[in-house]
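Hi,

Here is the structure I said I would pass on to you. Have a look at it first, and then read on for my notes on what turned up.

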Amino acid sequence: SVSLVTPVVPSGKGTPPPNSLIFPVVGHATGANDSLFESDIRVTNLAAETARYQLNFTPSNTDGTQTGSSSTIEIAPNATMALDDIVSSLFGTGTTSSAIGMLEVRPLTTTSSADTGFFGATGTASTIRELATAASSRTYNFTPSGTFGQYIPAVRFADFVGKAASGASPILSLQQVAESSAFRANFGFAEASGSAADLKVRVYDTASTLLKTIDLSLQPGEHRQLNGMLAANGVTNLANGRVEVEVLNGDGKVTAYVSEVDNNTNDPLLVSAVLKGGITSNKWVVPGVAAINNPSATWITDMR
């Protein structure tokens, strides 16, 4: 039998275009309490023509302009490609050991038609191409009796933040953060432009009291995950907190996330970053909340 595989080559990466979709973290890695996390990726081409993409994987704690692996995929119009356990199956780095890092889905195809794009958007060809790809991932703890997982969306490079040329710099805010005997907070930071960045991380409680300020520097194109970052900095009894991230120096563009993990079950919850001051609506709808108690499962919704 013959297996057809996509070639993977060692390669650093340059600055991505604004419409690149970036997963701040993917992995095939062991964790605390005998957990094993894997990442399944889905990429959908919503355009009316076949599209090619470059996949760039950058291992954690490395200079992404110098270190990484690259491959290409091709997706038919309106089709979805499934890449299960992508770090191990495609890039091979997690087959025998733990590996996590950042994954970029970079469109290589330009479109000549101004047809309908994502969510029915219409416009110029360049605009449609920016809206013509959707990507998501599920990173989950694999156990013999099933999985506990978290949905992790891809972030457009255009939505990464950096230091402002003048005035106040944009700030990323992370809600529903806890570090206690019940939950552990695994923080992740990703730089995608290919330039270094110095960050200021501020930790607040529910009364907006500043508990801790943490300085952090990222290499160009680096992903760094800091498990137990709050506990390592003396914050060990935070039930309901929030964290702000700001780029103070450098030309880097960053995003951040928190993976909140239940210490009893290893069930993770993703906390995505939102732009502070970027909320323009005064009314929001949460489409699904629950209070259900039945023999097979109990579901409860906590709001922040």
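**Asp-85 and its surroundings**

Let me start with Asp-85, which has a relative accessible area of 14% and so counts as buried, the limit being under 20%. Please keep in mind throughout that this is a predicted model. Asp-85 sits in the loop between β6 (80-83) and α1. What is the sign of phi at Asp-85? Phi there is positive, about 45°, even though Asp-85 is not a glycine. That caught my eye because most residues other than glycine have a negative phi.

Ser-208 is another case: not a glycine, yet with a positive phi of about 65°. You'll find Ser-208 in the loop between β13 (197-204) and β14 (210-218). With 40% relative accessibility, Ser-208 is partly exposed.

**The chain as a whole**

Stepping back, the chain holds three helices and 21 strands. There are 304 residues in the chain, and 44% of them are buried. If you take the contacts with a separation of 6 or more, 75% come from residues 24 or more positions apart. The chain exposes about 15000 Å², with carbon and sulfur atoms supplying 53% of that.

**Salt bridges**

How many salt bridges does a search of the whole structure find? The count is eight. As background, side chains of opposite charge can pair when their charged atoms come close.

One of the eight takes us back to the loop we started with: Arg-42 and Asp-84 meet through their side chains at 2.8 Å, N to O. Arg-42 belongs to strand β3 (residues 36-45) and Asp-84 to the loop between β6 and α1, so this pair ties together parts that are 42 residues apart in sequence. Neither end is hidden away in the buried class: Arg-42 is partly exposed at 31% relative accessibility, and Asp-84 is partly exposed too, at 41%.

Then there is Arg-224, which forms a salt bridge with Glu-222, their closest N and O atoms being 3.2 Å apart. Here both ends are in the buried class. Arg-224 has a relative accessible area of 19%, while Glu-222 has 1%.

The side chains of Lys-276 and Glu-244 form another salt bridge, at 2.8 Å from N to O. Why does this pair tie together parts that are 32 residues apart in sequence? Because Lys-276 lies in the loop between β19 (274-275) and β20 (291-293), whereas Glu-244 lies in strand β16 (residues 238-249). The two ends fall into separate classes as well: Lys-276 is partly exposed, at 46% relative accessibility, but Glu-244 is buried, at 3%. This pair also belongs to a network, as salt bridges that share partners join Arg-242, Glu-244 and Lys-276.

Arg-242 has something else going on. Its charged end sits over the ring of Tyr-204, 4.3 Å from the ring centre.

**Aromatic pairs**

On to the rings, where the count comes to three aromatic pairs. Let me walk you through two of them.

In the pair of Phe-57 and Phe-91, the ring centres are 5.4 Å apart and the planes meet at 25°, so the pair is stacked. Phe-57 is in strand β4 (residues 51-59) and Phe-91 is in the loop between α1 (86-89) and β7 (99-107), so the pair ties together parts that are 34 residues apart in sequence. Are these two residues buried or exposed? Both Phe-57 and Phe-91 are buried.

Phe-187 and Phe-189 are stacked as well, because their planes lie at 10° with the ring centres 6.4 Å apart. Phe-187 is buried, at 0% relative accessibility, and Phe-189 is buried with a relative accessible area of 0%.

**A patch on the surface**

Last stop is the outside of the chain. Which residues make a nonpolar surface patch there? Val-286, Val-289 and Met-303 do, and the patch comes to about 290 Å². Met-303 is in the segment after β21 (298-300).

If you want somewhere to begin, go to the loop between β6 and α1: it holds Asp-84, the partner of Arg-42, and also Asp-85 with its positive phi.

Cheers

Methods. Residues are numbered from 1 along each chain as its sequence is written. This is a predicted model: local features need pLDDT of at least 70, side-chain atom pairs count only at pLDDT 80 or more; totals for chains, interfaces and linings use all residues. Side-chain values use heavy atoms; hydrogens and water are left out. Patches are made of residues with over 30% relative accessible area and no salt bridge: like charges are joined within 9 Å, nonpolar side chains (Val, Leu, Ile, Met, Phe, Trp, Tyr) within 5 Å. Accessible areas come from the Shrake-Rupley method with a 1.4 Å probe; for residues, only the protein chains shown count as cover. A salt bridge is a side-chain nitrogen of Lys or Arg within 4 Å of a carboxyl oxygen of Asp or Glu. Helices (H or I, at least four residues) and strands (E, at least two) are DSSP runs, numbered from the N terminus. Rings of Phe, Tyr and Trp (its six-membered ring) pair if their centres lie within 6.5 Å; planes under 30 degrees apart count as stacked, over 60 as edge-to-face and the rest as tilted. Buried means under 20% relative accessible area, exposed over 50%, partly exposed in between (1.4 Å probe, protein chains only). A charge sits over a ring if NZ of Lys or CZ of Arg is within 6 Å of the ring centre and within 35 degrees of the ring normal. Contact means heavy atoms within 4.5 Å.
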